[in-house]
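User: I am new to this structure and would like to go through it by question and answer. Please reason through each reply and close it on the value or name requested.

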Amino acid sequence: MDYQNILVEITSTTAIVTINRPSKLNALNRETINELHEAFKHLEGDGNIKAIIITGSGEKAFVAGADISEFADFSVSEGGALAANGQELLFDFVENLSTPVIAAVNGFALGGGLELAMACHFRIASDNARMGLPEVSLGVIPGYGGTQRLPQLVGKGMAMEMIMTAGMINAEKALATGLVNQVVSQDELLPLCEKLAAKISNNSSVAIGKAIEAVNSGFKDGVDGYQAEIRLFGESFGTEDFKEGTTAFLEKRKADFPGR
Ligand code: COA
């Protein structure tokens, strides 16, 4: 597919999606959000893709936020629509994909950039990365899920401090607070994410999709995560992957999951 603002590269069973607006520090404008939606939808529908890595182009930024130039003159209703559309097309969409999405945070992840990283299933950062939700310094609040996902990851008190101060934390602090899982040098970032993606791809993609749904269920209003887990656990027994996984174990061989 032909994209203007993103690059999609596929190696074996892993897709690397790179947000490619380095001169704007990869800020998310409307077009980029639409292209990301299309790319993720396409990759989710491709049975050969077992994991997706998302990163930013250049050495400076993952994503420096929503594109401020696009919403500076918005009205109340336009502001609400901006958040609602973005959440639906990108942030909630990514979180609820059954294909695992790893954020490779290679530099600034601010505002919508950190919100995008937090919507991914987990995050690995390079040691130069800096993360924050600076929205209140612009007179708005985080609108792409940041007020909800940041407390889930770092706890309410730390989230409140980060949101209220509009400050940035470095990679080391992000690791200590649980915002990212590992920190490596910039050179090692993509190789590590690719290694994790390859490890993921050895497992049942059907079971992984159900596990993502079960974990997410616990964070949804009005959904009982334990009940969701029971349902999804039961459903696993009806899959070809389950038959292959258990048979391979009993036959003392490596499973070759059909992904069904
Ligand atoms: N929206 C639109 N453009 C952005 C942007 C954003 N969120 N973040 C950076 N840019 C643009 C800058 O306007 C500049 O464009 P220009 O060269 O055409 O003037 C370019 O990216 C480079 O950014 P610059 O500010 O010159 O880089 P810096 O190294 O001095 O500072 C940051 C880096 C990240 C500290 C700074 O760009 C910044 O504070 N960005 C906004 C972060 C933010 O508030 N995000 C939340 C938005 S809700």
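User: In which strand is V105 found, and is V105 buried or exposed?
Analyst: The model is predicted, and its local features are read with that in view. V105 is found in strand β5, which covers residues 101–105. Its relative accessible area is 0%, and a residue counts as buried under 20%. V105 of β5 is therefore buried.

User: Which residues is V105 in contact with, leaving aside its neighbours within four places in sequence?
Analyst: V105 has a relative accessible area of 0%. With neighbours within four places in sequence left aside, the residues in contact with V105 are F62, A117, I124, A125, S126, A129, M131 and L189.

User: What distance separates the C-alpha atoms of V105 and E161?
Analyst: Along the chain, V105 and E161 are 56 residues apart. In space, their C-alpha atoms are separated by 21 Å.

User: What is the strand order of the open sheet, and which are its edge strands?
Analyst: The open sheet has 6 strands with mixed pairing, in the order β1-β2-β3-β5-β7-β10. An edge strand pairs on one side only, and this holds for the strands at residues 6–11 and 182–184. Those edge strands are β1 and β10.

User: By what angle are neighbouring strands of this sheet turned against each other on average?
Analyst: The value is an average over neighbouring strands of the sheet, with direction ignored. That average is 20°.

User: In which sense do β1 and β2 run, and which residue of β2 does L7 stand opposite?
Analyst: Strands of a sheet pair through backbone hydrogen bonds, either parallel or antiparallel. Here 6 bridges join β1 to β2 (residues 14–19), and the two strands run antiparallel. The residue opposite L7 in β2 is T18.

User: Which strands of the sheet does helix α1 touch?
Analyst: Helix α1, residues 30–44, packs on the sheet, and its direction makes about 20° with that of β1. The strands touched by α1 are β1, β2, β3 and β5.

User: How many residues of β3 are buried, and which point each way?
Analyst: In a regular strand the side chains alternate between the two faces of the sheet. In β3, A51, I53 and T55 point one way, while I52, I54 and G56 point the other way. The strand is largely enclosed by the rest of the structure, because the count of buried residues in β3 is 6 of the 6.

User: How many bridges join β2 to β3, and which residue stands opposite I16?
Analyst: β2 and β3 run parallel and are joined by 6 bridges. The residue of β3 opposite I16 is I53.

User: How many residues of strand β7 are buried, and which point each way?
Analyst: F122, I124 and S126 point one way from β7, and R123 and A125 point the other way. Strand β7 (residues 122–126) is largely enclosed by the rest of the structure, because its buried residues number 5 of the 5.

User: In which sense does β7 pair with β5 and run with β10?
Analyst: β5 and β7 pair over 4 bridges, with I102 opposite F122 in β7. On β10, 3 bridges are made with β7, and I124 stands opposite Q182. For β5 the sense is parallel, and for β10 the sense is also parallel.

User: At what angle do α1 and α3 pack, and how do the residues of their contact divide by class?
Analyst: The axes of α1 and α3 (residues 76–95) lie 9 Å apart at an angle of about 35°, and α1 passes α3 in a left-handed crossing. In this contact, I33, N34, L36, H37, F40 and K41 of α1 meet L89, L90, F93 and V94 of α3. By class, the residues are 7 nonpolar, 2 polar and 1 charged.

User: How are helices α5 and α6 oriented to each other?
Analyst: The axes of α5 (residues 146–154) and α6 (residues 156–165) come within 7 Å and cross at roughly 130°. The contact is made by T147, L150, P151 and V154 of α5 and K156, M158, A159, M162 and I163 of α6. Given the crossing angle, α5 and α6 are therefore oblique.

Definitions and conventions: Residues numbered from 1 in each chain as written. Predicted model: local features only at pLDDT ≥ 70, side-chain atom pairs only at ≥ 80, totals over all residues. Heavy atoms only, no water. Axes fitted to C-alpha atoms, helices over the stretch in contact; angles between N-to-C directions. Parallel < 35°, antiparallel > 145°, perpendicular 65-115°, else oblique. Contact = heavy atoms within 4.5 Å. Buried < 20%, exposed > 50% of the residue type's maximum accessible area, 1.4 Å probe, protein only. Pairing = 2+ DSSP bridges. Left-handed = near helix turned anticlockwise from the far one by under 90°. Nonpolar A, V, L, I, M, F, W, Y, C, P; charged D, E, K, R; others polar.
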